[in-house]
Amino acid sequence: MNDFGIIFEAEFVRRIKSRAWLIGTILGAAMILFLSAAPAFFNRVVASSTHAVVLAGDPALVAAAKKLIAKDFDVSATEPLPAAPPTLADLNAHAHAAAIVTLARGPKGLDARVYAKDAGGFRTTRLRDELIPLNIAIATRTTAAAIAPLMEFTLDVESLDAKFHDEASANSARGFAYVLVILLYLAIILNCQGVMTSVAEEKTSRIAELLVATTSSAQLMAGKIAAAGATGTIQLLVWLGVGWATAAGIVNSVGGPSGGMHMSDTTPVGLGAIDLPTGVIVAFVIFFFLGFLQYATMYAAAASLISRTEDLGSVAGPLTLPVLGGFLLANWALTVPNATGVLIASQIPLFTPFVMFTRMAVVTVPLWQVILAIAINIVATIAIIWFAGRIYRVGLLMYGRPPKFSQILNVLRTS
Amino acid sequence: MLELTDVHRSFGSVAAVRGVTFAIASGATFGLLGPNGAGKTTTMRMILNILVPDRGTITWNGAPIDGALRRRFGYLPEERGIYGKLKVREQMAYFGKLHGLRDPLLDGRVAEWMERLEIGQYADRPCAELSKGNQQKVQVACAAMHEPELLILDEPFSGLDPVNAETLLRALRHLQTKGTTLVLSSHQMYQIEHLCTDFCIIAGGEVRVHGSLDQLRRQWPTRTVLVEPASSALRDVLERLGGAHARATQNGTLAYDVPQSIDLPALARELVAAGDLTRLERVEPSLSDIYLRAIGEAS
C-alpha cells in the first residue's frame, strides 16, 4: 500500500468513527424521513381541523351544497339559517367543526359566508370552487346537478420538451431535483468542513510538519480529500436510500401507506413516482465529485493557513459564499432553467455542480452545454487542485496570524 | 553520506540560509548548533525536502533526496505534534506504515520501541491523556521505530526530565549501534557534546565552524590552565606569560587563558621553581565555549 492508501485508510477510519460524521448522517436521514412523512402527517392533522363544517341554510340549498363539497369536506351538522350571524359559542357547540357556512339565495346568485375559528387556515378557495355550480344554478335558475358535470373540465398540458411526458412528471422531477440539490449542498458543506477540520487539527497540533517530512503534501491532501469523499458518498447513499425507501412506501410507519412527499393535495412527487433519466443520476454523481473536489481542495488550502482553531471561522466564511451562491442559483434554475443568467452560471466552476445538475433534472439541456460545462470544470478542478495544493504545502509550515493574500502569493512565488 | 553544498534559502527578503556547506559521514552523530533564528530548522527542512533550496545541492550517498529516500529517514520537529485522539499504539502503527513497515515487522517494532522508551503501559490510551514527556517519547518512537538511515531530531531533549532524557539517550545510542546517522539540534550542550561525533555551528544562516570536537578545539586559540594554590608567586609566573589573561580566581584556584601553543612542561617547571605547586591542569575548551565564541563572531 502506498502513502495515499495508508493516509486514505487512516483518515477514512477516523472520519467514519467520528461523532460529527455519525451525527450528521443520522440527523440527515432523520431530516429526510421527517420531510417525507411530515406533509402526510400534517395533512391529516390539518385536515381534522379544517375539513369539518356545519352547513346552515335552506334545506334544499344545504343538501345541494353537501353533495358538491362531499369530496373535500365533512359536513358534521346541518341547521337552519340563523337569525343572527353565528358566534364562537355557536361554533364551539359543534365539536371538531372548523367553520359554520351559511348559505342563502341572493339577488345575483349564492350568498355564502364562512364563520371560521381560524380564518387564515380554513380552505376557503377550495370551498368556493366547489360551490360555484350552486352559484351558477341559482343565477341561471337551473340545478346544481346540471352544472356540476360542466365543472369537470380538464386542461391537459403537453410538454414540448421530450424529457417529461406531462406536467405531473415534470413537477415530480422538479421536486426531486430540489431534494437532490439540498443533499448536494449538505454533502459538500459537511464533508468539506470535515476536510477543513482535519487539516486544521493537524496544523494546530503541529503534526503536519512530521507528516510532510514523511510523505508528500500532495499525497497527504489527496488521501484526506479522497477519504472525505468516500465518507461523503456513503453519507449521500444513506440519505438517498432513506429517501427512496420512504417515498417508495417501504418506510411508512410514520406517514402510513400514503406517506411520501407531496407538493399539492393531488400531485405525489415521491421518488417512487419519478421516472428520472439515468443521465441525470450520472450527472449528479459527476457534479458531486467535481464540486466536492473543487471545494474540498479550497477548504484544505484555507485550513492550512491557520495556526489556531479559533481562526477557522475567518477562513471558512468566505468559502461558504460560493457554495451558498451555487445553492441559490440552483433554486433559480428550478424556476427558469433556460434564463440567460442560469445558462451562464451553469458554465461557471463552483456554480456548475449545482446549476447544471438542476437544469439537467428539469429540462433537456443541449449536449454541447453539458460537455462544455464538464470540460470547463475539469480544467478548473485541475487548476484549483494545483493552486490549492501549493498553498497547502506552504501553508502547513506557516505559523502566526493568518497571512494576507498578498503574503501567500509572495510565498508561493518563492517556494 | 549526507552532503550539503552551498545551500541557500530565502523567504521573501529574508535570507534564512546562506551558502551552508557540510558533510556528515554515514553512521555519524552530528550536532547542528546555533542560536534561535540561525537557520537550523530551515536547514533540517531542506535536508528532508520539506523545503526546496533556492540554490545548492543536498545529497544522500550521492543521490538527491526524493520521496522514496525520505521514507527511510526520520524526523522529530522542534514543534511537537501528535494526534490526541489516537491511541499510542495506533499512532505508532500509522507512522510505522508511512515509513514502510508492514506486519508482522510493524507489530514487533511498535512493541519493541514502546518497551525501549518505557511507554508500554500507555499503549491503549489516547495520546492526549499522556504527560508532555511521554507524548514526546511517542513522537520519538514514531520517528525512529523504522530504524532510519538518517534521523533528524530538533531539540529532542527539551521538555524531558533527567530520567526521560536518559531513556532517550539510551534509545539514540541503540540507533548509533544500528548505524543510523543522527543529526541533532539542541541547546543542551552537555548532552550534545557527549553524544555527537561531529558538529556544525551556524549563525545568521552561515556556517561558523564545522568539524569534530578535536578539530574545533584545535581551531580554538587559547587553553585554560588551572593552578593551585593561588599564591602571588605562582600568579606572577602566569602574569609574565605572553598572551595570558586572568580569569576568575575561585576557591583558591588560579585560572588563566593562555595561548594554545604554550609549552606546558616548561610552564610546569617555572611554576614548580616559583613555589609550592600542588595542581597544574590544562583544560580543553568545552563545546559551550566554542559555541559561544562562534556565535559571538557571528554577531
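Me: Buried means under 20% relative accessible area, and exposed means over 50%; which of the two words fits Cys196(B), and what value decides it?

Reply: In this predicted model, Cys196(B) has a relative accessible area of 8%. Since the limit for buried is 20%, Cys196(B) is to be called buried.

Me: How do you know that the sulfur of Cys196(B) is too far from the closest cysteine sulfur for a bond?

Reply: A disulfide is a covalent bond between the sulfur atoms of two cysteines, and the cut-off for such a pair is 2.5 Å. The closest cysteine sulfur to that of Cys196(B) belongs to Cys200(B) and is 12 Å away, which is too far for a bond. A search of the whole structure, over all chains, finds zero disulfides. Cys142(B) is likewise in no disulfide, with the sulfur of Cys127(B), its nearest cysteine sulfur, 7.3 Å away. With a relative accessibility of 3%, Cys142(B) counts as buried.

Me: Why does the contact of Glu202(A) and Lys224(A) count as a salt bridge?

Reply: The cut-off between a side-chain nitrogen of Lys or Arg and a carboxyl oxygen of Asp or Glu is 4 Å. The side chains of Glu202(A) and Lys224(A) meet at 2.9 Å, N to O, so the pair satisfies the limit of 4 Å and is called a salt bridge. This pair links distant parts of the chain, with Glu202(A) in helix α7 (residues 167-204) and Lys224(A) in helix α9 (residues 217-247) of chain A, 22 residues apart. Glu202(A) is buried at a relative accessible area of 3%, and Lys224(A) is buried at 2%. Through salt bridges that share partners, Glu11(A), Arg14(A), Glu202(A) and Lys224(A) are joined into one network.

Me: Where does Glu11(A) lie, and what is Glu11(A) in contact with, leaving aside its neighbours within four places in sequence?

Reply: Glu11(A) belongs to helix α1 (residues 3-17) of chain A, and its relative accessibility of 3% is under the limit of 20%, so Glu11(A) counts as buried. Once the neighbours within four places in sequence are left aside, its contacts are Ser198(A), Glu202(A), Gly223(A), Lys224(A) and Ala227(A). Ala226(A) is 215 residues from Glu11(A) in sequence, yet the two C-alpha atoms are 9.0 Å apart in space.

Me: What makes the salt bridge of Asp58(A) and Arg105(A) a tie between parts of the chain that are apart in sequence?

Reply: The two side chains meet at 3.6 Å, N to O, which is within the 4 Å limit. Asp58(A) lies in the loop between β1 (52-57) and α3 (59-69) of chain A, whereas Arg105(A) lies in strand β3 (residues 99-105) of chain A, so the pair ties together parts that are 47 residues apart in sequence. The accessibility of Asp58(A) is 34%, which makes this residue partly exposed, while Arg105(A) at 54% counts as exposed. Over all chains, the search of the whole structure finds 27 salt bridges.

Me: Why is Phe34(A) called exposed, and what does Phe34(A) form with Met31(A) and Leu35(A)?

Reply: The relative accessible area of Phe34(A) is 51%; exposed means over 50%, so Phe34(A) is called exposed. Phe34(A) is found in helix α2 (residues 19-50) of chain A, and together with Met31(A) and Leu35(A) it forms a nonpolar patch on the surface, with about 290 Å² of accessible area for the three together.

Me: How do you know that β1(B) and β2(B) pair, and in which sense?

Reply: Two strands are said to pair if there are at least two bridges between them. Strand β1 (residues 2-11) of chain B has seven bridges with β2(B), in the antiparallel sense, so the condition is met. Leu2(B) stands opposite Ile24(B), and Val7(B) has Val20(B) as its bridge partner in β2(B). In the hairpin of these strands, which has two residues between them, Gly12(B) takes a positive phi near 65°. β1(B) also pairs with strand β4 (residues 55-60) of chain B, in the antiparallel sense over five bridges, and there Leu4(B) stands opposite Ile58(B).

Me: What is the order of the open sheet of four strands in chain B, and which are its edge strands?

Reply: The order is β2-β1-β4-β5, with antiparallel pairing. The edge strands are β2 (14-24) and β5 (63-64) of chain B, each of which pairs on one side only.

Methods
Residues numbered from 1 in each chain as written. Chains lettered and ligands numbered in written order. Predicted model: local features only at pLDDT ≥ 70, side-chain atom pairs only at ≥ 80, totals over all residues. Heavy atoms only, no water. Patch = residues over 30% accessible without salt bridge, like charges linked within 9 Å, V, L, I, M, F, W, Y side chains within 5 Å. Areas by Shrake-Rupley, 256 points an atom, 1.4 Å probe, with all protein chains shown as cover. Buried < 20%, exposed > 50% of the residue type's maximum accessible area, 1.4 Å probe, protein only. Contact = heavy atoms within 4.5 Å.
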